[in-house]
Each structure stands twice: as C-alpha cells, then as structure tokens.
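User: Hi! Could you walk me through this model in a few short questions and answers?

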Amino acid sequence: MAPTAAPVTVRAPAKVNLVLRVGRPRHDGFHPLNTVYQAISLYDDVRVEDAGRWQVSVTPLGDVDCSTVPLDQRNLAVRAGQALAAHHGLRRAASIEIGKGIPVAGGLAGGSADAAATLVALDRLWDLHTPDDELLALAAELGSDVPFSLLGGTAHGTGRGEQVVPVPDAGSHWWVVVPDATGLSTPAVYREFDRLHPDVPLGSHVADPVGLLAALRVGDVPRVGAALTNDLEEPALSLRPELAERCALVRSHHDGPVLLSGSGPTLLAHACSHEAATATRLALLEAGVPVVHVATGPVAGAHVVELAG
Ligand SMILES: C[C@@](CO)(OP(=O)(O)O)[C@H](O)COP(=O)(O)OP(=O)(O)OC[C@H]1O[C@@H](n2ccc(N)nc2=O)[C@H](O)[C@@H]1O
Ligand SMILES: Nc1ncnc2c1ncn2[C@@H]1O[C@H](COP(=O)(O)OP(=O)(O)O)[C@@H](O)[C@H]1O
C-alpha cells in the first residue's frame, strides 16, 4: 500500500480560440482544425487527495452554474485520474474537489481544464514524474482541447486540435466574457457546421493564420483583434438564433471585435486595455446582462498552486 501524501491543488485556465478554422470531417468523425488557442484568466482549481474510491465534487467559484456537471465517472476529471492510474499500472483512487470559475458548456474548455489539472495534480500527489510527452498523449486521448489546457499561453493547434505548438505572444489581451444560461453541445455545433457547409475543403487546405501569428509575435493587439475569426459562429447562431440578439447587444456596448467562444454559446469582446474591458462589462450589466466577466490572456497552463501539509 502506497503512503498517503498531502493534498495537492492545481489551477487550470479557460481557453479562447483567436482563430478557429474547420475542415471537412475525417474518417474518424473529427474535424481537422487550424486554430490558435489563448489561455485566459478564468480558472478552475482542482484539489486531489488519496481515497479508497474515485469521488468528485464541484463548488462554484463566483457566479457559475455547476448544476449540469456530472458527479460520476463521466466527469472528465475522474476519467483523467483513471487514465493516469492505468498508464502507470496503479490500483489507486482519489477524491477530486473542483472549484469551478469557468462557465460550464460555454466553449471555454472547462472540462478540459479539469482533466489537465487532475493529470498534473495526481502526477504530483503520487510522485510519478510522468514525462511531458506522455502527459500530452494522455491528455489528447481525453479530449481535443486537453493538451492545450496543460500547455496554456498561446498555441497553434492542428490535427483535431490536440497537436499544439506554443507561439510567441508579446501582447496583453483583455476579454469581456459573456456566458449564456444554457450550454451548447459541441458535437451538435460541428454537425450543424457540416450541414451548412457540405463542400468545405479538407483541413490541409485551410491555410495557417500567418497574419494573426505575425501580429501576436510583435504584440500588435489591435491587429490581433482585427484577425479574430471563428468558423463555428455561424452554426452556433443557426442552432441558437437568439444568440444573434445577444451578440448585437454586446456590439452596441463595445468598441472592438465581438465573437463566439469556440462552439459557444459564450460571447467574447476583445479589448486592448483593462479600462476598456471594464467599461464594456459595466455597460452590459447596466443593460441587464446578468453575468459578465473580465479576463486577461495569455496566462499559464495547469500548474500547482498549493501543496498542503
Ligand atoms: C470546439 C472546441 C474548439 O476549441 O472547443 P469548445 O468550444 O467545445 O470548448 C473543440 O474543438 C472541442 O474540443 P473538445 O471539447 O475537447 O472535444 P472532444 O471531447 O475531443 O470531442 C467532442 C466531440 O466534438 C466533435 N469534434 C471535436 C473536435 C474536433 N476537432 N472535431 C469534432 O468533430 C466530435 O463530435 C467529438 O465527438
Ligand atoms: N469537469 C467537468 N466540468 C465541466 N463539464 C464537464 C466536466 N466533466 C464532464 N463535463 C461535461 O462536459 C460538457 C462540456 O463542458 P465544458 O468542457 O465546460 O464546455 P465546452 O466543451 O463547451 O468547452 C458539460 O456539459 C458536461 O456535461
């Protein structure tokens, strides 16, 4: 029986897609992507400790509705823990406490953040020293967005989104994050994309976003803003027409680009300063939008924040 170690807490960030270009579905059903991820300062904190069986709990950090997060083996954090134990041939289990600051099913990769955080936390708790390439491979099996949640910062994503390469990002970006009360299903949004675009080229025909990557490299934040684009915005709005009204409302209170976050339904307004983002947030709250966050990026990927004891 392995000794019981002190609990470990890992913090993992939400992500946004600065560019999200989608190709025709592959034979395995996944869509080839050409995307640039940025990690932003909305976080989940995941605390793990040894236990006789797998357990998970979720507590909101601030104004986040966690009621739809599964509290059984379907939780991505539990799946991550089980995958890590299996990878090392361990018959161990853990109790996982998730403090959730990332809106659920919002296109912000909150489940992926929890999976990445759990991998890092249990690796530390169990003193495993799993090599980075093995952690990234485990992450990719758990979900297309999970490797980026490990990495953080800003990264170019290809394949189904799981192949990530860090890219230089010299600027500070500010994001007004407007969640929706009801989540959107990622597979449903991809299916709607296929319905609307039956003739889309294969992924290899989707060119790299060279203009955006150049603007990131030199820290030209307005030029990054001008290059923001998301191929899933049209299908998400097609499935959820009332999002167009919300989008128009955000645009009417923001002097800058507004776009959908990933598969949605969260909306993002991009700003060049904290002041500009805060002004938009206050205007939206006054206009009756119930929950509006301000976040900055890029920030670090999943990292240990507390070792108890
Ligand atoms: C759309 C994106 C953009 O970053 O994120 P979200 O906005 O959901 O956070 C991602 O592609 C979501 O990644 P993730 O949520 O990890 O997806 P996965 O668990 O791997 O796959 C869930 C389902 O989404 C669809 N899927 C996902 C990725 C991909 N490249 N093609 C797909 O068609 C498939 O139907 C798949 O069964
Ligand atoms: N730890 C978790 N946190 C959030 N959602 C989770 C988690 N584990 C499983 N899920 C499921 O994943 C779905 C997608 O959630 P999330 O990752 O927050 O959004 P998105 O895929 O839009 O970025 C949720 O509806 C929920 O059922």
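User: In which loop is Asp145 found?
Analyst: Happy to help! This is a predicted model, where local features need pLDDT of at least 70, side-chain atom pairs count only at pLDDT 80 or more, and totals for chains, interfaces and linings use all residues. Residues are numbered from 1 along each chain as its sequence is written, while chains are lettered from A and ligands numbered from 1 in the order in which they are written. Helices (H or I, at least four residues) and strands (E, at least two) are DSSP runs, numbered from the N terminus. Asp145 sits in the loop between helix H3 (132-142) and helix H4 (146-151).

User: Is Asp145 buried or exposed?
Analyst: A residue counts as buried if 20 or more other C-beta atoms lie within 10 Å of its own, exposed if 12 or fewer, and partly exposed in between, with C-beta atoms placed from the backbone. Asp145 has 29 other C-beta atoms within 10 Å, so Asp145 is buried.

User: Which residues does UniProt mark with the feature "active site"?
Analyst: The record is an unreviewed entry, and its annotations, given in the numbering used here with shortened feature names, may be inferred rather than shown by experiment. The positions it lists are Lys15 and Asp145.

User: Why do these positions gather at one spot?
Analyst: They span 131 residues in sequence. Even so, they gather at one spot, because no two of their C-alpha atoms are more than 8.8 Å apart.

User: Where does Lys15 lie?
Analyst: Lys15 is buried, with 32 other C-beta atoms within 10 Å. As for its place in the fold, Lys15 belongs to strand E1 (residues 8-22).
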